[in-house]
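The following explanation leads through the strands, helices and chain contacts of one structure. Please keep the sequence and the model in view while reading.

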Amino acid sequence: MRKQLTKKILHQWDNTIPDGLEDRIKIRQSRRGFLKATSLLAASLLLPACDNVNNTSSTKTANSTLLTQAPWQTFTAVQNHLFPKDSESPGADDINATLYLKSVLEIPGIEDADKKFLRDGIGWINGIAIQMFNNSFHELDKNNKEAVLIRIASSSAGENWLSLLLLYIFEALLTDPVYGGNPDGIGWQWLEHKPGFPSPTKDKRYHLLR
Amino acid sequence: MKDFDVCIIGSGAGGGPVALTLAEAGYSVLVLEKGPWFTEKDFFKDELACCRRTVYTPQLKDEQHVLEEYNGQNDDGSYKWRAEASSDSGSDFWNGNCVGGSSNFMSGYFYRLKPKDFRLRSEFGEIKGANVVDWPIDYEAMEPYYTKAETVVGISGKIIPHPYQEPRSTADFPYPPTTEHPVSGLIDKACRELNMHPLPTPRAVLSRPKDDRRSCEYSGFCGSYGCSSGAKGSSRAALLNDAIKTGNCKIQPHAKVYRLSSDQTGRVSSADYYDKDGNTQSVRAKIFVVACQAIETSRLLLVSTGPKHPNGLANNSGQVGKNLLFSAGGSGTGEFTYKQFDTRLAEAMKQRGPFVNRGLQDWYFINDKEFGAPAKGGVIDFLFRHPNAISKANGEKWDDSGKLLWGKPLKDKLKTVFAETKYLRFEVFNDWLPTDDCFVSLDNSVKDKWGSPVAKIRLGYHDHDLKVGHYLAEKSEQVLKQMNASNIRSSVSGAPPPNLVAGGCRFGNDPATSVLNADCQAHDADNLYVTDGSFMPTGGSVPYTWTIYANAFRVADIIKKRL
């Protein structure tokens, strides 16, 4: 098998290049300049305070309560808009997308800069929501949420942030349930995906192996 | 400081055969491996561990590369190169740093080279801008060791006569082919209608149990994954475990060799390494064997200066790191919807587990006036799209114009891609011509976590590689078309696949133009051998692993005679 060059720094360059589509590769390459764009975006906004993700008091709170607290209520609202539930398929809530993302941010595995980029985005999106509709993102109705996401996606940094959130939604949808997403294989069942075997055990999750 | 007969640096496909051969012969062998030691009990079908997190390779902030890519031309026509550290770009050039190396994670497409591959310069003449040379040995010298690898590593397959079949000393493979997917019959039919010769792809995957190793269990996730049954013929599962059983071989994981020290005579005196706790250790041996995979082998030699090696070990002719090879070519895809088949065939096509195992060698050598003069061609292999679900979904989040999708349009697309469509792919492998624009050197500023300069890799390629790649991709597309696939597309480029790498210490008879002699012994360091893919002056147009195994068995016999 020919291995493609993988991009491990996700906030910097999206890591998936669909095979055979060179025009998309060019699109990816144009995202290289996004770090500059990130700082421009941040400077153009009044950044509202963003709760620290590592706030230990919130990690002790019951999960249901936690999701109503900053920054998780914003992550939850964005994820449910990006990946809504319908009558035939699970949505972000059904696959534990927010709690999964929380675990990604808490355990070793991805670059610290990626984690910071994910957290910082909460400030940007709420900044834009307030600028456009004078309210935090999670308080907006469906149409206004859509308008904010379209605005966010028009900058390369914002698009990259949404793209990263989608990646971790896909992980929550399709990774082994041992990591907290995809409960009872709900994502696999919806997409008729046959997982391989043996499946990972709790004591052999990736961050415990090395 | 302990003494060993042989110290091997690197435990992958280049190290394993030497360790096994010499340990079985009763010599004391130490294998130093930079990474950890995983076993079958640590390997799961876990896409995060395999492919989305850093488990089997280093963190880029700790160990990385600097990649030099083509960046236009100067006014005088010379090329400009842009260097970027991989911790900045995110480009990951590591393959598998653990006991057994990247052979743990290969797909195990195993092909021999052919006799003409050993003498490309004589057969096809010079190509301007390429450093093509004949090998100092011929196919007959390698053949017994290809055969040995079939039995010892465990290669499954079936010989079907075809125009470019290489000579063999045995009639067929020791293991029958692995179970095949129903699509293989459809590929056969289409190829025959086109007067092509479809061939079963030999695999380093057991179709029957061998000693402690189980047969393949057909989970459908093979390439990129560590094997939990032991069926995959990794250096660890197939060779090192047996080497340890002799009682003469010790494997030392978490041992990062940072220097090979050499004495006033130019001989290597010790391998100096950092242990797991970061303390320096030294090991003495009669013979040192380097097999760190091509890029890191060149780097270790370049960094190991000594009284007789002021420019790096075995580098008195300035050849170390030069003529680095990847595999040229590319890949392509065609799509089938389950609806286009009758119910029975649709269900058959949905099967996961059995292998596609089909390839074409009809254009291993090209004799086509439309192409030009007779030329070296390559190999085509058919396979399904990789079953990794997260990366598949993630690849679908953009629409055709490159705009990010979400909501219902995204979910509809996922459902179509996962549940309604089967993707048959092909890969083209052709020679990556050696040139002055593809080599390894040491970077002046970027260092690894131990303070050693990292490898800088210039990634130039020859345009001829693309010409051959396009020719083969066009033939491959004909097969998909004949099968009534839709949305057929392919991509051939000079982008190097980091897992198919060789060269950098090529062997030859002239010390001025090569690093190693025909025995893969350094011209200017008597007790130093290199047994990974570094020795190859030209790469052939197949994945390298079988040739690396065979050559390492060959060199092991040479060392055994010497000891």
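B:F384 stands opposite B:L424 of β17(B). This pair belongs to the antiparallel ladder in which 7 bridges join strand β16 (residues 378–384) of chain B to strand β17 (residues 421–431) of chain B. As in the whole of this account, the description rests on a predicted model.

The two strands are part of an open sheet of 6 strands in chain B, arranged in the order β6-β13-β16-β17-β12-β20 with antiparallel pairing. At its edges stand β6 (198–200) and β20 of chain B, each of which pairs on one side only. Direction ignored, neighbouring strands of this sheet are turned against each other by 25 degrees on average. Strands of a sheet pair through backbone hydrogen bonds, in either the parallel or the antiparallel sense.

A second open sheet of chain B has 4 strands in the order β4-β3-β19-β18, and its pairing is mixed. Why does one side of β4 (79–85) and of β18 (438–447) of chain B lack a neighbour in the sheet? Both stand at the edges and have a single partner strand each, so one side of each is left without a neighbour there. From one strand to the next, the twist of this sheet averages 35 degrees. The edge strand β18(B) is joined by 6 bridges to strand β19 (residues 453–459) of chain B, and the two run antiparallel. Within this ladder, B:V440 stands opposite B:I457 in β19(B). Helix α8 (residues 294–303) of chain B packs on the sheet, where it touches β18 and β19 of chain B; the direction of the helix makes about 60 degrees with that of β18(B).

A further group of strands centres on β10. Strand β9 (residues 268–274) of chain B and strand β10 (residues 280–290) of chain B pair in the antiparallel sense over 4 bridges, and B:D272 has B:S282 in β10(B) as its bridge partner. The hairpin of β9(B) and β10(B) has 5 residues between the strands, and in this hairpin B:G278 takes a positive phi near 85 degrees. With strand β22 (residues 528–530) of chain B, β10(B) pairs in the parallel sense over 3 bridges. In that ladder, the bridge partner of B:V290 is B:V530 in β22(B).

Among the helices of chain B, α1 (residues 16–24) has 8 of its 9 residues buried, so this helix is largely enclosed by the rest of the structure. The buried residues of α1(B) are B:G16, B:P17, B:V18, B:A19, B:L20, B:T21, B:L22 and B:A23. Just after α1(B), B:G26 takes a positive phi of about 100 degrees.

Taken as a whole, chain B has 13 helices and 22 strands. The radius of gyration of chain B is 23 Å, close to the 24 Å that the globule rule gives for 563 residues, so chain B is as compact as a globular protein of that length. The C-alpha trace of chain B spans about 75 × 60 × 50 Å along its principal axes. Of the 563 residues in chain B, 56% are buried. Among the contacts of chain B with a separation of 6 or more, 73% are between residues 24 or more positions apart.

The largest nonpolar core holds 202 residues, of which A:I169, B:V6, B:C7, B:A19 and B:V29 touch the most other members. Helix α9 (residues 156–174) of chain A contributes the largest share of this core, with 13 residues. Leaving aside neighbours within four places in sequence, A:I169 is in contact with A:Q79, A:L82, A:F83, A:A92 and A:A97. One of these contacts, A:A97, is also among the buried residues of helix α6 (residues 97–106) of chain A, together with A:T98, A:Y100, A:L101, A:K102 and A:V104. The cover over the buried residues of α6(A) includes α5 (72–82) and α9 of chain A.

Finally, the two chains meet where 52 residues of chain B are in contact with 49 residues of chain A. On the side of chain B that touches chain A, two or more residues come from each of α2 (47–52), β5 (91–92), β12 (327–337), α10 (389–394), α11 (407–420) and β20 (486–492) of chain B. The element that gives the most to this side is α11(B), with 6 residues. By residue type, the side of chain B that touches chain A divides into 20 nonpolar, 20 polar and 12 charged residues.

Key: Residues are numbered from 1 along each chain as its sequence is written. Chains are lettered from A and ligands numbered from 1 in the order in which they are written. This is a predicted model: local features need pLDDT of at least 70, side-chain atom pairs count only at pLDDT 80 or more; totals for chains, interfaces and linings use all residues. A nonpolar core is a set of buried Ala, Val, Leu, Ile, Met, Phe, Trp, Tyr and Cys residues joined through C-beta atoms within 7 Å. A residue is buried if 20 or more other C-beta atoms lie within 10 Å of its own, exposed if 12 or fewer, and partly exposed in between; C-beta atoms are placed from the backbone. Two residues are in contact if their C-beta atoms, placed from the backbone, lie within 7 Å. Ala, Val, Leu, Ile, Met, Phe, Trp, Tyr, Cys and Pro count as nonpolar, Asp, Glu, Lys and Arg as charged, and the others, Gly among them, as polar. The radius of gyration is taken over C-alpha atoms; the globule rule is 2.2 Å times the number of residues to the power 0.38. Two strands pair if DSSP finds at least two bridges between them. Axes are lines fitted to C-alpha atoms, for helices over the stretch in contact, and angles run from 0 to 180 degrees between N-to-C directions.
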